Amino acid sequence: MANPKIKSSAQIAKKSNATAGRKPAAKSLYSKADLEEIFRRFSIQRPEPKGELEHVNPFTLVVAVALSAQATDAGVNKATRALFAVADTPQKMLDLGEERIREYIKTIGLYRNKAKNVVALSEKLITDFGGEVPRTREELVTLPGVGRKTANVVLSMAFGQATMAVDTHIFRIANRLLLAPGKTPDEVEQRLMKIVPDEYLYHAHHWLILHGRYCCKARKPECERCVIADICRSPEKTWDIPAPLVELPAQIVGANTSS
Ligand code: SF4
C-alpha cells in the first residue's frame, strides 16, 4: 500500500501554484467538477443528515430554534417536550402566559429573555400572520428572537427549502478551504448558495457542519481522515490522500451548531 506523506509548506505552495490556472467556479477556487465531487463524496458519507431539535409543527420548530441559542439541543428538547405537550400553537402559548413558559424552560440559558420572546413572537404570529408561521426569510426575521440563521433553519427543516444556515463550522470551512471565503456569515452564505451544485444544496449545510465538527476541526483538521483530502486546497492541509469513501454511522446535527 502506498505510504502517504505529510506535505511540507513548500509542497503545498507548489501545488497551489500548479492548480492556480484551473478554471474556478464563481467566487471559489474550485472548478465545477471539484465542487460536484466534493458534495458527491459528502452525500455518500452521510446520505440523510438529520436535525436534532424536536418539534411537532412549524410553530414549535420556530420556538425550539429560538430557544436553542447558546444552549444544547438536548437541553432544549428536554424542556420543550413538556411545553409543547400543553402549547403547540401561538394561541395556546399566549394562554399559557410568560410566567408559566418561564417555568417550563428555566433549565435553558437566558430563559427569562427567551420566555419574553416566545410570548412576543406568538403575539406577532397571531396579529400579523393569522397564527401561521410565514414561509419567507424576510417575514421570519420580523419575529422577535428570530435572526437570519434561525430563519434559514426553519425554512429548511419546516418547509423543505434549500438554505445555508452559516454557523461557526461552515464559516470556518468556507474560509479555510477557500471554498467560499467571506468576512461575514452573510457573505459566506451568499457565495455558498452560488457555488454548491443544485442537486446537493438541500443537505449541503448539514454536510459542511458535520465535516467541520468531526473531521475538519477548528484547532487541528484531521486531514488523514478526510474524504476530500485530494481536492482540498487549504493552505492548512497536511495530507492529500483521501480517506476511504464509506457511509458513516448516523450523526445528528442540531440547530445549535456551535459544538
Ligand atoms: S484535507 Fe484537511 S483542511 Fe482540507 S477539508 Fe480535509 S480536513 Fe479540512
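Where along the chain is the place of C223? Select C223 and you will land in the loop between α12 and β2. Keep in mind as you look around that this is a predicted model.

**Stop 1: the whole chain**

Zoom out for a moment and colour by secondary structure. You should find 12 helices and 2 strands. Walking from the N terminus, the elements run α-α-β-α-α-α-α-α-α-α-α-α-α-β. The chain has 259 residues, and 39% of them count as buried. Now think about contacts with a separation of 6 or more: 61% of these join residues 24 or more positions apart.

**Stop 2: back to C223**

Return to C223 and show its surroundings. C223 is buried, because 23 other C-beta atoms lie within 10 Å, and 20 or more are enough for that label. Leaving aside neighbours within four places in sequence, show A229, K237, T238 and W239 as well, since C223 is in contact with them.

**Stop 3: C216**

Next, select C216, which sits in the loop between α12 (201-214) and β2 (252-253). C216 counts as buried, with 25 C-beta neighbours inside 10 Å. Not counting residues up to four places away in sequence, C216 touches I173, R176, H211, P221 and C226.

**Stop 4: the four cysteines together**

Select C216, C223, C226 and C232 in one go. An unreviewed UniProt entry covers these residues with the annotation "binding site". They span 17 residues in sequence, yet no two of their C-alpha atoms are more than 10.8 Å apart, so they gather at one spot.

**Stop 5: the ligand**

Now show the ligand and the 14 residues around it. Which of them come nearest? They are C216, P221, C223, C226 and C232. Colour the shell by character and you will see 9 nonpolar, 1 polar and 4 charged residues.

**Stop 6: two loop residues with positive phi**

For the last stop, leave the ligand and select Q70, in the loop between α3 (58-67) and α4 (73-86). Its phi is near 55°, a positive value in a residue other than glycine. Is Q70 buried or exposed? Q70 is exposed, because 11 other C-beta atoms lie within 10 Å and the label applies at 12 or fewer.

Then select L178, in the loop between α10 (168-176) and α11 (185-195). Here phi is near 60°, again a positive value in a residue other than glycine. L178 is partly exposed, with 16 other C-beta atoms within 10 Å.

Methods: Residues are numbered from 1 along each chain as its sequence is written. This is a predicted model: local features need pLDDT of at least 70, side-chain atom pairs count only at pLDDT 80 or more; totals for chains, interfaces and linings use all residues. A residue is near a molecule or strand if its C-beta atom, placed from the backbone, lies within 6 Å of it. Ala, Val, Leu, Ile, Met, Phe, Trp, Tyr, Cys and Pro count as nonpolar, Asp, Glu, Lys and Arg as charged, and the others, Gly among them, as polar. Helices (H or I, at least four residues) and strands (E, at least two) are DSSP runs, numbered from the N terminus. Two residues are in contact if their C-beta atoms, placed from the backbone, lie within 7 Å. UniProt positions are given in the numbering used here, feature names are shortened, and annotations may be inferred rather than shown by experiment.
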